[in-house]
Structure formats: C-alpha cells, structure tokens
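Dear colleague,

I am handing over the structure below, together with some notes on what I found in it. Please keep it open while you read, as the notes move from strand to strand and then on to the helices and the ligand.

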Amino acid sequence: MTPLVAGNWKMNGTRASLAEVDALEIDADVEVLICPPATLIADMIDRAPDGLDVGAQDCHAAASGAHTGDIAAAMVADLGGTFVIVGHSERRTDHGETDATVKAKAEAVIAAGLTAIVCVGETEAERDAGDALKIVGAQIAGSLPAGATAANTVIAYEPVWAIGTGRTPTLDDIAEVHDFMRNELAGHLGADAAGIRLLYGGSVKPGNAKEIFGIGNVNGGLVGGASLKAADFNAIIAAA
Ligand code: PGA
C-alpha cells in the first residue's frame, strides 16, 4: 500500500508560512498531506504543488448548525480538502473529546466524502502501568467509524508522552502496538483491515523516520513539529 506522510501544523502558521509548501519535494510513491490551521486550508490548496493533499485538524460531528467556532467536514470538502484528523490527543485532552465524540466526527468526515485520520495512543502513566495495548484497543473499539474502509479511514498511533517531547517508544514497542492494532481492526472489519494505513506519530524526525517507517504495519507517519519546515518534512517524505 502507498505510505501516507501527514503533517499536522497544529496552531502554527500564518500566510507567510505557506512559502514552506513551495519548497516541498513530493515523491510519487508516497502520499503527502498537510493539515494546516483552518485559516490556511484554502490558500494552501491554491498554492499546493502537484500531489500534495491538504486537510483539516478537526471538524464537528454535525453537518451544519449552531456550533460557534466549529467547522463541518463538508466545508473542508468544499475547499478541496481531502482528509480530516479526528481524536488527536490534544483535542481529547483540551476539549474533553471522548471515543464517542471521535467516532461521530470520523463518521461525519466519511459522510462528507473525505478520509478520517483517527488518532489513538496511551499516556505515560498508562504505558508504565502496562496498559498501552488495552487503552489502544479500547480507543479503536470506541472511535472506529461505522463503515470504515481502507479508502476512508487511517489510524494514527500517537503515544501521548511522545508528542512534542523528542522521546519515542522503542522500535519493538511501536511494532507491538501496530501489530496489535492490525489484529484489532481485523476483529472489527475482517479482511478490509489489511488495507487500512496505520501511521506512527510522536516525535518523528528526519533522524528516526527511516527506522520507524521500516517497521512492518507502520504505513507512514503523522508529523507535528518536523512538518513545519520543508527541509525536515522533505527528509521524512524521502524516508518513506
Ligand atoms: P510531534 O507531534 O511530531 O511534534 O511530536 C505529532 C502529533 O501530535 O501529531
């Protein structure tokens, strides 16, 4: 399957930052996505080099209505966006999003004809307690959208303690979680699970991307800080 390298700019960037997009080196063998702040989606799409997908970092579960400050998946689609990240740990923590919220958002993304990137991952305390697989399994069970297929759903494993910290799990630990996720998905979706891309996220950098992407059942990455500068992001794309 084609690997996906997705950049998550989080709450970073103004229009001046779009110059980074001009310097991207898109590789035909890798699907490359950037999810900028919602304010930049339209301009980034206008400026995107051939082959760059653009998406959103979140959306509301409803199609429209009285939800001040939120955006709907169909609005992202209207701009030409193709992906929406849902259930990022920063949303789960900062905005109290539950698995049920995340599942509803992912279903809204699919209903709008876009692909949902559903994020899961344990906290440090959960890993230390030996509960990482249990937590990830429960998040998948609770957040997986109805009707998930390889075309409309991607799962990103992002251990909370590895996000923005420069720390990553061992390669064996990443492999263990990704193998587990593949099996869990098979339990929920049967044969369709084999084609669903499983991204690793959390302190992916030019220096560690190749070894992480070399793990079986790691089908790309979700990259925060290192997606903000084209030079770093290009090196990560090249590693995939
Ligand atoms: P990071 O963020 O690459 O800066 O650790 C990853 C993410 O939160 O998606």
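**Strands of the barrel**

In β3, L33 finds its bridge partner in D53. Please bear in mind throughout that this is a predicted model. The β2 and β3 strands to which that pair belongs run parallel and are joined by 3 bridges. On the other side of the pairing scheme, β1 (residues 4-8) and β2 (residues 31-35) are also paired in the parallel sense, here over 5 bridges, with L4 standing opposite E31 and A6 standing opposite L33. L33 of β2 is therefore a residue with a partner in each of two strands, A6 in β1 and D53 in β3, by the criterion that two strands pair if at least two bridges are found between them. As for its surroundings, β2 is mostly covered, with 4 of its 5 residues buried.

These pairings belong to a larger arrangement, in which 8 strands close into a barrel in the order β1-β2-β3-β4-β5-β6-β7-β8, with parallel pairing. Within this sheet, neighbouring strands are turned against each other by 25 degrees on average, if direction is ignored.

Further along the barrel, β5 (residues 115-120) is mostly covered, and 6 of its 6 residues are buried. In a regular strand, side chains alternate between the two faces of the sheet. In β5, T115, I117 and C119 point one way while A116, V118 and V120 point the other way, and all of them are buried. The strand pairs in the parallel sense with β4 (residues 83-86) over 4 bridges, where V84 stands opposite A116, and likewise in the parallel sense with β6 (residues 153-157) over 5 bridges, where V120 stands opposite Y157.

**Helices and a loop**

Helix α10 (residues 230-239) lies across β1, β2 and β8 (220-223), and runs at about 160 degrees to β1.

Helix α7 (residues 132-143) has 12 residues and reaches 16 Å from its first C-alpha to its last, which is close to the 16 Å expected at 1.5 Å a residue. Its buried residues are A132, I135, V136, G137, Q139, I140 and S143, and what covers them includes β5 and β6 as well as the helices α4 (89-94), α5 (99-111), α6 (124-128) and α8 (171-189).

A61 lies in the loop between β3 (52-56) and α3 (73-79). Because its relative accessibility is 34%, A61 counts as partly exposed. Leaving aside residues up to four places away in sequence, A61 touches A104, K105 and A108. The C-alpha atoms of A61 and G190, which are 129 residues apart along the chain, are separated by 26 Å.

**Around the ligand**

Which residues come nearest to the ligand? Of the 13 residues around it, these are K10, H88, E158, G164 and S203. For K10, a polar side-chain atom lies 2.7 Å from an oxygen atom of the ligand. For G164, by contrast, it is a backbone N or O atom that lies 2.6 Å from an oxygen atom of the ligand, and G225 likewise places a backbone N or O atom 2.9 Å from an oxygen atom of the ligand.

With kind regards

How values were computed:
Residues are numbered from 1 along each chain as its sequence is written. This is a predicted model: local features need pLDDT of at least 70, side-chain atom pairs count only at pLDDT 80 or more; totals for chains, interfaces and linings use all residues. Side-chain values use heavy atoms; hydrogens and water are left out. Axes are lines fitted to C-alpha atoms, for helices over the stretch in contact, and angles run from 0 to 180 degrees between N-to-C directions. Contact means heavy atoms within 4.5 Å. Buried means under 20% relative accessible area, exposed over 50%, partly exposed in between (1.4 Å probe, protein chains only). The expected span of a helix is 1.5 Å times one less than its number of residues. A residue is near a molecule or strand if one of its heavy atoms lies within 4 Å of it. A polar contact is a pair of N or O atoms within 3.5 Å; within protein, one must be able to donate a hydrogen and the other to accept it, and residues adjacent in sequence count only if both atoms are side-chain atoms.
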